[in-house]
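User: I should like a close look at a single part of this protein, taken residue by residue. Please set out its surroundings in one connected account.

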Amino acid sequence: MVSEQSGDDQGVPDVGVFDDSRCELGEGPLWHPQRGELFWFDILASTMHSRDGTQHQSWQMPEMCSAAGWVDRDTLVVAGATALYRFDITSRALEPLLALEADNEVTRSNDGRADPWGGFWIGTMGLNSEPGAGSIYRYYRGELKRLFADITVTNAICFDKARACAYYVDSTKGIVWRQAVDATTGWP
């Protein structure tokens with residue numbers, strides 16, 4: 001992770017190390033605006049990390065996890081290999097919300113993003129990047145619904161400012177996919 005320092009007289013910022021944690025497969029950065037804290041995952045080490053600028057924390061997860069969305073100051077929704085979890089940052093309590101491809105031994109979560117409507121989009125992929133093994137889901141108001149299938153490596157889930165489109169990538173194809181969504185509900 002990097003952060004800008006003071007910069008030089010040419011307007012080029014100096015770059016320093018924000019956190020020197022080593023991740024085998026770092027993924028899923030999430031800025032928590034209420035806490036002023038950055039969260040991220042080392043997927044292969046099943047670890048979630050955070051840093052508030054001065055202090056580093058880490059939590060061992062029960063399985064590979066890849067992404068989170070913030071619910072309130074002390075609560076995250078975390079995407080794991082076989083489930084979505086509710087994580088209490090203060091107490092460190094982790095409780096399963098619902099299954100995510102739990103019956104599929106080939107896949108795990110990979111990437112995810114909260115949407116502007118209060119939903120959470122989660123991508124899955126094959127453990128060995130098996131072609132077409134992944135999907136993208138939306139968790140909204142307690143329900144998980146598959147939106148897209150036949151994806152190899154889900155990445156870069158995001159939304160436009162006008163709330164008209166969602167975007168995602170299948171990294172193996174090198175294409176950014178654009179999907180129209182309902183501006184009121186966020187459903188494709």
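**Asp-115 and its surroundings**

Analyst: In this predicted model, Asp-115 has a relative accessible area of 7% and is therefore buried, the cut-off being under 20%. Its place in the chain is the loop that runs between β11 (107-114) and β12 (120-126).

Two polar partners of the Asp-115 side chain may be named. One is the backbone nitrogen of Gly-119, which the side chain reaches at 2.6 Å. The other is the side chain of Arg-138, with which the Asp-115 side chain makes a polar contact at 2.7 Å. When residues up to four places away in sequence are left out, Asp-115 touches Phe-120, Trp-121, Arg-138 and Phe-159.

Two of these neighbours, Trp-121 and Phe-159, also pair with each other. Their ring centres lie 5.1 Å apart and their planes stand at 75°, so the pair is edge-to-face. Trp-121 belongs to strand β12 and Phe-159 to strand β15 (residues 154-159), so the pair ties together parts of the chain 38 residues apart in sequence. Trp-121 is buried, at a relative accessible area of 1%, and Phe-159 likewise counts as buried, at 16%. Both rings belong to one aromatic cluster, formed by Trp-117, Trp-121, Phe-148, Phe-159 and Tyr-168.

The whole structure holds seven aromatic pairs. Another of them joins Trp-59 and Phe-87, whose ring centres are 5.5 Å apart with planes at 75°, so that this pair too is edge-to-face. It links distant parts of the chain, since Trp-59 sits in strand β6 (residues 56-60) and Phe-87 in strand β9 (residues 83-88), 28 residues apart. Trp-59 and Phe-87 are both buried.

Phe-120, a further contact of Asp-115, leads to the largest pocket. That pocket is lined by 15 residues, and Phe-120 is among those nearest its centre, together with Val-71, Val-77, Gly-118 and Tyr-139. The elements that contribute two or more residues to the lining are β7 (65-72), β8 (75-80) and β13 (134-140). Of the elements, β7 gives the most, with three residues. By character, the lining divides into eight nonpolar, four polar and three charged residues. The space within the largest pocket is about 180 Å³.

In summary, Asp-115 is a buried residue whose side chain has polar partners in the backbone nitrogen of Gly-119 and the side chain of Arg-138. Its contacts include Trp-121 and Phe-159, members of the aromatic cluster, and Phe-120, which helps to line the largest pocket.

Conventions:
Residues numbered from 1 in each chain as written. Predicted model: local features only at pLDDT ≥ 70, side-chain atom pairs only at ≥ 80, totals over all residues. Heavy atoms only, no water. 1 Å grid on protein atoms, 1.4 Å probe; cavity = no way out; pocket = protein on both sides within 12 Å on 5 of 7 lines; lining within 4 Å. Points joined across faces, edges and corners; volume = space filled by probe spheres on them. Helix = DSSP H or I, 4+ residues; strand = E, 2+ residues; numbered from the N terminus. Nonpolar A, V, L, I, M, F, W, Y, C, P; charged D, E, K, R; others polar. Buried < 20%, exposed > 50% of the residue type's maximum accessible area, 1.4 Å probe, protein only. Polar contact = N/O pair within 3.5 Å; in protein donor to acceptor, adjacent residues only side chain to side chain. Contact = heavy atoms within 4.5 Å. Phe/Tyr/Trp six-rings, centres within 6.5 Å; stacked < 30°, edge-to-face > 60°.
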